[in-house]
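Welcome! Please take a look at the structure shown here, and then work through the exercises below one step at a time.

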Amino acid sequence: MLNEWDAGRLDSDLSEAGADTLAVRAGQYRSPEAEHSEALFLSSSYVFRSAADAAARFAGEQPGNVYSRYTNPTVRTFEERIAAMEGAEQAVATASGMAAILAMVMSLCSAGDHVLVSRSVFGSTISLFDKYFKRFGVEVDYPPLADLDAWAAACKPNTKLFIVESPSNPLAELVDIAALAQVAHAHGALLAVDNCFCTPVLQKPLALGADIVIHSATKYIDGQGRCLGGVVAGPAKLMQEVVGFLRTAGPTLSPFNAWLFIKGLETLKVRMQAHCASAQAIAEWLEQQPQVERVYYAGLPSHPQHELAKRQQSGFGAVVSFEVKGGKANAWKVIDATRMISITTNLGDTKTTIAHPASTSHGRLSPEARAAAGISDSLIRVAVGLEDVDDIRNDLARGLALI
Ligand SMILES: *Cc1c(COP(=O)(O)O)cnc(C)c1O
């Protein structure tokens, strides 16, 4: 029994289950110990009944585990659960969000291919393309996220892949995913959406027409700032390529982290709802403050893409950015006056975080590139956590009172 891939497969039928049920139960396999909560399989390798068994398993003639760089039961549960939540045929877990992007591009692109990456993506994603993929002959261009005509104009005969984050960090800009998928497909390219800020609870890129979803599970999927991980999800045919790369190259997810993510997914919906409600309250309050120049949050009617956000997402997320009057000195004043909010660039945590993008995440950009990305010196990014909203507000008010 112990070596059987599906020894303890639950026979509960989830074929008609709703999204909340899938988040709690999809992908669970029960061991002969009959544990109720998902087991954590901290095992690097697996044993065989006989030499013939081992040979059959290595030859792929018999299903089952061989080695945890290939498969691990805890990682598999996480992969099946997130696939069910994203509506993907298959999901593949990776060691980090960056490893997810690495694995996707390494497995789907070759030298001579051209990739379009939205200008406002995570800084390390841009470094990955500019410093490394370019060296191996993968061309890259960076169209502005929301400008569909610019995406179409940037396409070449060798364009293979579009990569976007929507909403973007830190300015909460969106792209119409369904419309962008049409542009990609018209040019024979695939569309990959980094769904890190929304999670499948707030946005389902595959249902909107995207081909691939990627995640940094480090953020809301863990949701408690404990560990790193990532996901690539999409059609089984493409995911088989990603699996092949991961097995060979090795940036696979640790089973311990997978186990934390499994438990994270079970509470993801209620956490995202609470994050969104608090972020909305903070954004509305900030917009009323005389020291605040502008607030960037798609849940505000003043956001230029508020209608698109309402149509495309079922919530607006928890990242609120704002500009204070008086430039960098005042932005730093607000950050330094906090006594509870954590000064850190991470996000997707129960603990509220605050950062100054111009001197941290976007600090390596030239002043011109920063201006083109809309990152001013007076910009502050807050990733709203799950503390009392009054406490978050009061902590921000302390610094605003000094302006
Ligand atoms: C954090 C982040 C990543 C990178 O994820 P890691 O888990 O830190 O490697 C990628 N994309 C987005 C949108 C992120 O916020």
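**Exercise 1: The middle of a sheet**

Ile214 stands opposite Val232 in S7. This is a predicted model, in which local features need pLDDT of at least 70 and side-chain atom pairs count only at pLDDT 80 or more, while totals for chains, interfaces and linings use all residues. Residues are numbered from 1 along each chain as its sequence is written, and side-chain values use heavy atoms, with hydrogens and water left out.

Task: Find out how S6 and S7 pair, and over how many bridges.

Solution.
- Start with the terms: strands (E, at least two residues) and helices (H or I, at least four) are DSSP runs numbered from the N terminus, and two strands pair if DSSP finds at least two bridges between them.
- S6 and S7 are joined by four bridges in the antiparallel sense.
- Turn to S5: S5 and S6 pair in the parallel sense, over three bridges.
- Within that pairing, Ala192 has Ile212 in S6 as its bridge partner.

Task: Decide whether the residues of S6 are buried or exposed.

Solution.
- Buried means under 20% relative accessible area, exposed over 50%, and partly exposed in between, with a 1.4 Å probe and protein chains only.
- Five of the five residues of S6 are buried, and the strand is mostly covered.
- In a regular strand the side chains alternate between the two faces of the sheet.
- Here, Ile212, Ile214 and Ser216 point one way from S6, and Val213 and His215 point the other way.

**Exercise 2: The seven-stranded sheet**

Task: Work out in what order the seven strands of the open sheet lie.

Solution.
- The order is S1-S7-S6-S5-S4-S2-S3, with mixed pairing.
- Strand S1 (90–94) and strand S3 (139–141) stand at the edges with a single partner strand each, so one side of each has no neighbour in the sheet.
- From one strand to the next, the twist averages 20°; angles run from 0 to 180 degrees between N-to-C directions, and axes are lines fitted to C-alpha atoms, for helices over the stretch in contact.
- At the S3 end, strand S2 (residues 114–117) pairs with S3 in the parallel sense over three bridges.
- In S3, Glu139 is the bridge partner of His114.
- Helix H5 (residues 123–132) packs on the sheet, touching S2, S3 and S4, and its direction makes about 160° with that of S2.

**Exercise 3: Two helices, H4 and H5**

Task: Say which strands helix H4 (residues 97–108) lies across.

Solution.
- H4 lies across S1, strand S4 (159–165), strand S5 (190–194), strand S6 (212–216) and strand S7 (230–234).
- H4 runs at about 150° to S6.
- Now look at H4 beside H5: their axes come within 10 Å and cross at roughly 35°.
- Met98, Ile101, Leu102 and Val105 in H4 meet Ser124, Thr125, Leu128 and Phe129 in H5, where contact means heavy atoms within 4.5 Å.

Task: Find which residues Leu108 touches, beyond its neighbours within four places in sequence.

Solution.
- Leu108 lies in helix H4.
- Its relative accessibility is 10%, so Leu108 counts as buried.
- Leaving aside neighbours within four places in sequence, Leu108 is in contact with Asp113, Lys160, Leu190, Ile212, Leu238 and Glu241.

**Exercise 4: Another helix pair**

Task: Work out how the axes of helix H12 (residues 268–287) and helix H16 (residues 389–400) are arranged.

Solution.
- The two axes come within 10 Å and cross at roughly 30°.
- That angle makes H12 roughly parallel to H16; angles under 35 degrees count as roughly parallel, over 145 as roughly antiparallel, 65 to 115 as roughly perpendicular, and the rest as oblique.
- On the H12 side the contact is made by Ser278, Ala281, Ile282, Trp285 and Leu286, and on the H16 side by Val389, Ile392, Arg393, Leu396, Ala397 and Leu400.

**Exercise 5: A five-stranded sheet**

Task: Name the edge strands of the open sheet of five strands.

Solution.
- The order of this sheet is S8-S9-S12-S11-S10, and its pairing is mixed.
- Its edge strands are strand S8 (292–296) and strand S10 (342–343), each pairing on one side only.
- S8 and strand S9 (residues 319–324) run antiparallel and are joined by four bridges.
- Arg294 stands opposite Glu323 in S9.
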